[in-house]
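Reader: I'd like to learn how to read a few features in a model. Could you walk me through them?

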Amino acid sequence: MATLPSAERRAFALKINRYSSAEIRKQFTLPPNLGQYHRQSISTSGFPSLQLPQFYDPVEPVDFEGLLMTHLNSLDVQLAQDLGDFTDDDLDVVFTPKECRTLQPSLPEEGVELDPHVRDCVQTYIREWLIVNRKNQGSPEICGFKKTGSRKDFHKTLPKQTFESETLECSEPTAQAGPRHLNVLCDVSGKGPVTACDFDLRSLQPDKRLENLLEQVSAEDFEKQNEEARRTNRQAELFALYPSVDEEDAVEIRPVPECPKEHLGNRILVKLLTLKFEIEIEPLFASIALYDVKERKKISENFHCDLNSDQFKGFLRAHTPSVAASSQARSAVFSVTYPSSDIYLVVKIEKVLQQGEIGDCAEPYLVIKESDGGKSKEKIEKLKLQAESFCQRLGKYRMPFAWAPISLSSFFNVSTLEREVTDVDSVVGRSSVGERRTLAQSRRLSERALSLEENGVGSNFKTSTLSVSSFFKQEGDRLSDEDLFKFLADYKRSSSLQRRVKSIPGLLRLEISTAPEIINCCLTPEMLPVKPFPENRTRPHKEILEFPTREVYVPHTVYRNLLYVYPQRLNFVNKLASARNITIKIQFMCGEDASSAMPVIFGKSSGPEFLQEVYTAVTYHNKSPDFYEEVKIKLPAKLTVNHHLLFTFYHISCQQKQGASVETLLGYSWLPILLNERLQTGSYCLPVALEKLPPNYSMHSAEKVPLQNPPIKWAEGHKGVFNIEVQAVSSVHTQDNHLEKFFTLCHSLESQVTFPIRVLDQKISEMALEHELKLSIICLNSSRLEPLVLFLHLVLDKLFQLSVQPMVIAGQTANFSQFAFESVVAIANSLHNSKDLSKDQHGRNCLLASYVHYVFRLPELQRDVPKSGAPTALPDPRYHTYGRTSAAAVSSKLLQARVMSSSNPDLAGTHSAADEEVKNVMSSKIADRNCSRMSYYCSGNSDVPSSTTAPRPASKKHFHEELALQMVVSTGMVRETVFKYAWFFFELLVKSMAQHVHNMDKRDSFRRTRFSDRFMDDITTIVNVVTSEIAALLVKPQKENEQAEKMNISLAFFLYDLLSLMDRGFVFNLIRHYCNQGSPEKEAE
């Protein structure tokens, strides 16, 4: 349609604004001078008619609550309808059960009194999510529909619409060529087309008769039928086909963070089908694991599988008292977080120990073929009888036999990963290319499980059946992991390995496929059944625990407490000649007598689920053998100084001698599980005692055992001759010094302990407890990032509890509130500055956003918390650190602090390891105890109802009030960080306020009395300071403008949330002040 000249257009059409909201928004976010420049640029670039609205002085808000209540009390129904519906509270606190993958949640063993730290961990992992929902904004699923971009293929699911014009006959060429005429309704006696007024009605089909037309129906039933009719075929997503909102215009959408869940990487399902050699004479045992050649790291635990026939299983019946159903699995689910073309699936084959070198035992498989018949059959039968004899006598001992590598480079396509990063670069917002690449990589590799489809393993990945036709013979002097990585590197480069190492012909068939999302009859690494788990299935699948090549930044959400022991090397070269066929019996002991061995060692294939002892494979006639055994242990939840690993060394007699024992004792060694109350992990070189161990040996390490009478006889003069490595995969033990100290000192305050207490290498008296706890709070941010993220939920919970929990230590009042708040600020800064962690479209760290949305809840105050010493008089029941200054005065001081600060907020602060510097910082903060701003709370709940008009009692300290006050009085770098990441503290405030209202049953009370005047003063100050910060940043370079935009969005969401909780007239005043601060007149001042 032609465009009308402006003179002929209607008046209202001339006033229609045809410019995007993004363009208009820029005019209001830019300062006056930049706004004028921008207006000129717009007018010169094809937008001559853009008229921006001028700034007006906001009107004085009405007393909204008073006005509303006045009209409601007047019972003016008509006026109430005109005003509309006003909900009591838009925010609703909901407790949502956690989704559990297993039939039963993973928990510690029953009947054990747990340590406070273990109890807190378990409670954190099993408690419900606490979510604050909005009643009038639809479900999170609908909001998620907008966010996830699922509109792209939504139109494909809609039914095809058929119109009348598409049903007309248009197949004739003439009909297509000429104009289409209306079909003739009826032809009467050949008179040609008739008009609509004279056709025969009797020739038409009657309309469908309306049933029950005259029946009497009640009004209720009639309304019900109409309601059902309206719901029939209703489109759930009305605006689903509407184009997605531009990311630049999507500032009003606050994405719902992903729910915390257990990390699962790329999952592949490996099924072992058959294992055969040229001759079948004895039982063979297979184990598989994943290795990354480039990283030189084993990246999964072992999966043991028994593919023997019932005949060969019968050879070992005397050594297998029971067979658990979980030990009969023949398929494993492997997880790979960081796919690589250098990943190999390594298959290792073992056999029952027999007399002879590995080469001698493998010789029959090389020279004899069952198909030859004749003498070959006789030899095979003879070898079977020999194997049966060895199985009956030495059935619980194994020896290495063969191995085979399988490359998975075709399953993990790394080039697809690089393409995905490039694709993501094109859709990520306004950040730089480097930042976008880092964001894409971190999202892909850190905080979510990689889908095989995204990595080139899903769309083109089909179930593959592989056949391995030859195996490399194991070499007795090259069994270590270092040797294995050399073999794999040679195998990848060329085929020289096949020429150097003797190969054994055989056949291993296995099937590799993408693991489906739901697997029936599957077990976790802890042997817990995963939903769904039918009872009638005999062979389960097993999930194999991953050992990622790099850090995985996903907080713990399930209880897991596993220990892996790897014997590596033993040097008995100078020992007696009897030490030749050496095996090590490994036990996990809770005491020193023989009955103290605990059944916590995971079994292998075709055996019990848990064992009290395991034996390493024997290398025939080798005095310094290498070991490749992996011993998996389920750690008890409560560990004591009596728990230790006991290693007993034996020589195994392969030849049967009259009256001689199979085992000859060679010596002992041990490793205490705890050292200074901390789990021992790492590499160790232990000495070996050649005689019976003395009483109380487990109380000391083998290297530092005190002198005994009579003295202990040691191999090699008490030198280390036995190398082992111990690794833990635990959601209980932090394995970080800073976190360990922090949690230990926190729990010493919560429970009755005997002083001095031992923390790592130091003993802490009661007088030094407060000092050391404050020191540990300051040093929390010096923790390594991975353990800090793994225990992030518990760390933040403890810090928030310390911010409101009253403490009396050694007869003196302790103040931890300021230190806890500053530690939270430092942690938030570290997480935002880390390039390995992802952020959402508003720059919010995803880990913190997830914590606030799902995990955070008001701290539960402990009762009877005062420590020893007479209680002191409680201070004046008010905030007291800096006095209650006016909002304007505080704002002025904070703005001055911003100008005077010389720190660069873009640079992360460096942390010195020297204790002296940290102590100097801390001593400057606690120089004057009388200036402590801690409000005391003796016992009870932190949200007891109280009158807001009276002075605040000492026994009432609310989290939202303490958090707001800490934000107000913070200075320097802490203050800069607080307002740089204001969204986090704003959302903490809103959620704590919502819980406060929910817990105190104040939903029916007046909004203006829900929160104290002091708290409202603090909120006013915070909004004023943030508004001033935004105005100050807008006059700086473009990078600072982006920061101002993020702060502005955070403040907008905060004010929006406050409208659902507080006096709305008060919030309108905050908005009015914000508008005044952003006006040109104000900025000109």
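Author: Sure, starting with the elements: helices (H or I, at least four residues) and strands (E, at least two) are DSSP runs, numbered from the N terminus. This is a predicted model, where local features need pLDDT of at least 70, side-chain atom pairs count only at pLDDT 80 or more, and totals for chains, interfaces and linings use all residues. Residues are numbered from 1 along each chain as its sequence is written, and side-chain values use heavy atoms, with hydrogens and water left out.

Reader: Where does Ser 578 lie?

Author: Ser 578 sits in the loop between β15 (561–570) and β16 (582–589).

Reader: Is Ser 578 buried, exposed or partly exposed?

Author: Buried means under 20% relative accessible area, exposed over 50%, partly exposed in between (1.4 Å probe, protein chains only). Ser 578, at 29%, is partly exposed.

Reader: Which residues does Ser 578 touch?

Author: Contact means heavy atoms within 4.5 Å. Not counting residues up to four places away in sequence, Ser 578 touches His 651 and Leu 666. The C-alpha atoms of Ser 578 and Leu 666 are 8.6 Å apart, with their positions 88 residues apart along the chain.

Reader: How many disulfides are there?

Author: A disulfide is a pair of cysteine sulfur atoms within 2.5 Å. The search of the whole structure finds zero. Take Cys 522: the nearest cysteine sulfur, that of Cys 521, is 8.2 Å away. Cys 522 is buried, at 1% relative accessibility.
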